[in-house]
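Trainee: I would like to look closely at a single part of this structure, the place where protein and DNA meet. Please explain it step by step.

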Number of protein chains: 2
Amino acid sequence: MAAADRPCPQRRGRPRSAAADRAILDATRAALVDLGWSRLTMSEVAHRAGVAKTTLYRRWAAKSELVVDAVAVLFDELELPDGGSLRADVEGVVLSFSALLRRPETKTALMAVLAESTTDEALRQRIRSAIVDRQKRLVLAGRARAQQRGELPPDSSDDGETARVVDLIFDVIAGAVVHRSLVSDRPVDRSWAHHFTTLLLEGLGAVSSPSDPLPERAAQKTGGSV
Amino acid sequence: MAAADRPCPQRRGRPRSAAADRAILDATRAALVDLGWSRLTMSEVAHRAGVAKTTLYRRWAAKSELVVDAVAVLFDELELPDGGSLRADVEGVVLSFSALLRRPETKTALMAVLAESTTDEALRQRIRSAIVDRQKRLVLAGRARAQQRGELPPDSSDDGETARVVDLIFDVIAGAVVHRSLVSDRPVDRSWAHHFTTLLLEGLGAVSSPSDPLPERAAQKTGGSV
DNA sequence: GAGTTACGCTACGGCTCGTAGCGGAATGGG
DNA sequence: CCCATTCCGCTACGAGCCGTAGCGTAACTC
């Protein structure tokens, strides 16, 4: 729906302005930063985008759908550069994901849209397809690399079993980072990423024992806020 | 603030009606189930509670604060019965927490209030003190029991180190359950709880290997939706 | 009884919502 | 070229909620 509700790329008559689309989505993100979710109004977005309010309603039926589309593209920035080991890959994705969540428009939009989705099944599906499910590629990539390195056993013959494991890992990583940064409201820095990765890789006993040193590092490419 | 903004339990003049307090909070939860967050209005709550709108504004300045108070009490229901092992305790808290999140008023309110809090520092603190931080008692209790049983090493001499570990475990458990049930929108059933606990206790290698049997059980008291 | 505080009720200006109707602009088909 | 079609910006509208103020009354303390 939304920007995708044009069956033919060109039917007849005047085409929709692609520039208006971009202006609207940019204005939505900017307004989200300044105002937050509850004070964000369609009128304000239209005004900032230099667009009539009616144009906005012609493309998005609700504020929540507009915001999903405005924010979804930000999540596609996530990458998983090969860190050389499973531990490095996990720490890398944790830090880059948390950097994304640190941006005001991202965290505000994500939480608000999830809240709306608890009473709106269509919106829930829209979020999953536009944002959440697409990020499982990161887990799949990291897992495949680790298996190539011999750090993890190869896939089970049962595809359902494999999918379940991927979903589990995804929920644990994404959930922990979101909870740490947005609920507990504490920084996801290099130290936290290290301890979390130790817990994920080796289990509860490893982080409980008083021997989990955080190695000193000089280079820092993911921009953690240590 | 809110219901706690009475310095003296009885100052002078007519006291605030405790019945009105209960009626308002009950009406808030009920309206939240029927309408969701965005369509929930102060007028509607006042009408359902049989209370004047002005009475409502005398006690809560904003919708978000009202909802925090209305929902906070639900989280105090969480208990941690001794399951006899660390694994049983973790699975127990995962299942009871997910049962709480399955209630419409809980999930709607929690996500909406967290969304609002991303642009409201005071609200963020209110949520932490009224809801989040109080539940760390569950981690502390489970950890102490496991240490008594010898399943985990005793506390480090460094108190800061201990607090960091407790916070980490809390974020991982709560975050994973919230993400699984509210974002991925898939059931937290007995099977998921089992695999998650395996991952938490033994690390990634344990769930990736094709040997993590789910023991059959007859009794089922937490209502997993398998 | 006097003083104080909470209550229900009504009314208000201000804002946003989502829609309708208009004239005009941009495209494709005959 | 001209027409049909579709989009655009603009204005206006009834509706609903917001948060506050003012009033008379009820409940409780000293």
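Trainee: Which atom of DNA strand D is 2.7 Å from an N or O atom in the side chain of B:Y57?

Mentor: It is a phosphate oxygen of DNA strand D that lies 2.7 Å from an N or O atom in the side chain of B:Y57. The model is predicted, and local features need pLDDT of at least 70, side-chain atom pairs count only at pLDDT 80 or more, and totals for chains, interfaces and linings use all residues. Residues are numbered from 1 along each chain as its sequence is written, chains are lettered from A and ligands numbered from 1 in the order in which they are written, and side-chain values use heavy atoms, with hydrogens and water left out.

B:Y57 is one of 24 residues that surround DNA strand D, and it is listed among the closest together with A:R12, A:G13, A:T55 and A:R59. A residue is near a strand if one of its heavy atoms lies within 4 Å of it. Of the atoms of DNA strand D that come within 4 Å of the protein, sugar and phosphate make up 64%. The bases are also approached: an N or O atom in the side chain of B:R14 is 3.2 Å from a base nitrogen of DNA strand D, and a polar side-chain atom of B:K53 is 3.1 Å from a base oxygen of that strand. Such pairs are polar contacts, that is, pairs of N or O atoms within 3.5 Å; within protein, one must be able to donate a hydrogen and the other to accept it, and residues adjacent in sequence count only if both atoms are side-chain atoms.

Which elements supply this surface? At least two residues each come from α3 (53-59) of chain A and from α2 (42-49) and α3 (53-59) of chain B. The helices are DSSP runs (H or I, at least four residues), numbered from the N terminus. With four residues, α3(A) gives the most. The surface near DNA strand D has six nonpolar, nine polar and nine charged residues; here Ala, Val, Leu, Ile, Met, Phe, Trp, Tyr, Cys and Pro count as nonpolar, Asp, Glu, Lys and Arg as charged, and the others, Gly among them, as polar.

DNA strand C may be described in turn. It has 24 residues around it, and A:Y57, B:R12, B:G13, B:T55 and B:R59 come nearest. Sugar and phosphate account for 60% of the atoms of DNA strand C that come within 4 Å of the protein. A:R14 places a polar side-chain atom 3.3 Å from a base nitrogen of DNA strand C, while an N or O atom in the side chain of A:S43 is 3.1 Å from a phosphate oxygen of that strand. The backbone takes part as well, as an N or O atom of the B:S17 backbone lies 3.3 Å from a phosphate oxygen of DNA strand C. On this surface α3(B) contributes the largest share, four residues.

The two protein chains are themselves related. Chain B is superposed on chain A by a rotation of 180 degrees with 0.0 Å of shift along its axis, at an RMSD of 0.1 Å. That is the relation of a two-fold axis. The superposition is by least squares on the C-alpha atoms of residues with pLDDT of at least 70 in both copies.
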